[in-house]
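Let's take a walk through a protein together. Have a look at the sequence and the fold below, and keep them open while you read.

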Amino acid sequence: MNFELLQILLNVILIITSLYIICIAAFTFGLYNLKEKFINLNKKNIVKVSVLIAARNEENNIKKLLESLYDQSFPKELFEVIIVDDHSEDNTKEFINTFINNNKDLNIKLLLAEREGKKLAISQALHNASNELIIVTDADCVLNNLWIESIVGFYQENNCKMILAPVLLSPAENFFEKMQVLEHLSLIGSTAGSAAIGFPVMCNGANMAYERKSALEVEKLRKDFDIPSGDDMFLLEQFVKNYGHENVKFLLSKSAIVKTKTCKTVKDFFRQRRRWVSKTKSYTSWKVILTALVVLFFNLSIISLFVSAFFIPALWSIYFLLTLLKFLVDFPLLKNITNFMNQGSLLKWTLPLEFIYPFYAVFTALSGTIFTKIKKWK
């Protein structure tokens, strides 16, 4: 590599690094200014709720979800649960039916998916829902017993169209699981921070809520139903387009935390991540696209320095400095969200993760958008 090409590379990296710092600093500012909510339910202006769940091959997980729904503090007569079974090949339907028969006081409807895919299953559930506020979660989640109450209270207080809420991966027993939890916490922190500054660019379908009427309106405008993944992100994009960013808010409350499982194998992990990124080429929001590109190219910059350093040893110092800079930029956001989630013990793994993250982030981004065609959501 001649000197001129090297200078161009370093200048490009400098620009990308500056954009990354601005992006993460903005999200961190939003997160630090987002106050934790302790919601009191207004019983004089109560809102009825429909909880929607798409399930596929969840016989090992669905019981815990159903039990946590049964244990909700929110009055059972004020919410319904609609589960759409998306062509499960195990005993998911049997587990649900058994639970329904044993718990008649909880209003649960089990529907068989008319078509295939999570997005269409959620749409089917939405059209069968009868209540004003929709709350969506996944079939492998476990809910806090104040989950519905906290979301309803936040909705009463803010009267927004869409509510985003925290998701925690668990367990975190070995390094592989700790890495997943820490990375996911950075995504949740960015989700919260970006929404707080009126720049919502992320969400998680395992824990979000929205008005039924508004969701039915934006569904008419969506053109993403042929894409297997992205039931949450494409909906967020359409809500922002229709109702503005001020109608999308993040609920920072421990009562609203939903827990879901970490991946057990590396194969499952990369399959999940490729599924997540496969939808990015179909995004239309410039905010989402810009954020994704800044993060991708910053990680690509770190990798380019790593590879180039084998040919130009002087670049090793720049590679290590850039990785250290990434750590310093990321740490405040991670510290805030890990403390909120009571996961502060994971912070010591942040620096090791910074050396690993760029490689698998770029690999999954490229393989998910270029080389992999995702046909099913699970």
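**A walk through the fold**

With just 2% relative accessibility, D85 is classed as buried, since buried means under 20%. One thing to keep in mind as we go: what you're looking at is a predicted model. D85 sits in strand β2. Leaving out residues up to four places away in sequence, D85 touches A55, T92, K93, L110, L111, L112 and A113. Now find A121: D85 and A121 are 36 residues apart in sequence, but their C-alpha atoms are 7.6 Å apart in space.

Let's zoom out to the sheet that D85's strand belongs to. Seven strands make up an open sheet, and reading across it you meet β3-β2-β1-β4-β8-β6-β9, with mixed pairing. Which strands sit at the edges? They are β3 (108–112) and β9 (248–250), and each of them pairs on one side only. As you step from one strand to the next, the twist averages 20°.

Further along that order, strand β4 (residues 133–138) pairs with strand β8 (residues 207–211) in the antiparallel sense, over five bridges. If you want a spot to look at, I134 stands opposite Y210 in β8. Helices pack on this sheet too. Helix α4 (residues 118–128) touches β1 (49–55), β2 (79–85), β3, β4 and β8, and its direction makes about 150° with that of β1. Helix α7 (residues 212–219) also packs on the sheet, touching β4 and β8, and its direction makes about 90° with that of β8.

Next stop: helix α8. Eight of the eleven residues of α8 (residues 233–243) are buried, so this helix is largely enclosed by the rest of the structure. The buried ones are M233, F234, L235, L236, E237, Q238, F239 and Y243. What do they pack against? Their partners are α4, β6 (162–164), β8, α7, β9 and α10 (286–308). Take Q238 as an example from this helix. Q238 has 12% relative accessibility, and that is why it counts as buried. Setting aside neighbours within four places in sequence, Q238 is in contact with V218, L221 and R222. After α8 comes G244, whose phi is positive, near 85°.

There is another sheet to find. This open sheet has three strands in the order β5-β10-β7, and its pairing is mixed. β5 (142–143) and β7 (167–170) stand at the edges with a single partner strand each, so one side of each has no neighbour in the sheet. β7 and strand β10 (residues 258–261) run parallel and are joined by four bridges. One pair to look for is L169 and its bridge partner in β10, T260.

Now for helices packing on helices. Two packed helices are described by the angle between their axes and the distance between the axes. Start with helix α1 (residues 3–32) and helix α11 (residues 315–340): they pack at an angle of about 10°, with their axes 9 Å apart. That angle makes α1 roughly parallel to α11. On the α1 side, the residues in this contact include L6, L10, I13, T17 and Y20, while those of α11 include L315, I318, L322 and L325. Sorted by type, the residues of this contact come to 17 nonpolar, three polar and three charged.

What about the length of α1? At 1.5 Å a residue, its 30 residues should span 44 Å, and the end C-alpha atoms are 42 Å apart, which agrees. An α-helix has 3.6 residues a turn, so residues three or four places apart point the same way. Keep that in mind while you look at the buried residues of α1, among them I13, I16, T17, Y20, C23, I24, F27 and L31. The buried residues of α1 pack against α6, α10 and α11.

That brings us to helix α6 (residues 175–196), which also meets α11. The axes of α6 and α11 come within 9 Å and cross at roughly 95°. That makes α6 roughly perpendicular to α11. Here L182, L185, S186, I188, G189 and S190 in α6 meet L333, L334, I337 and T338 in α11. This contact divides into six nonpolar residues, four polar and no charged.

Conventions: Residues numbered from 1 in each chain as written. Predicted model: local features only at pLDDT ≥ 70, side-chain atom pairs only at ≥ 80, totals over all residues. Heavy atoms only, no water. Axes fitted to C-alpha atoms, helices over the stretch in contact; angles between N-to-C directions. Helix = DSSP H or I, 4+ residues; strand = E, 2+ residues; numbered from the N terminus. Parallel < 35°, antiparallel > 145°, perpendicular 65-115°, else oblique. Contact = heavy atoms within 4.5 Å. Nonpolar A, V, L, I, M, F, W, Y, C, P; charged D, E, K, R; others polar. Pairing = 2+ DSSP bridges. Buried < 20%, exposed > 50% of the residue type's maximum accessible area, 1.4 Å probe, protein only. Expected span 1.5 Å × (residues − 1).
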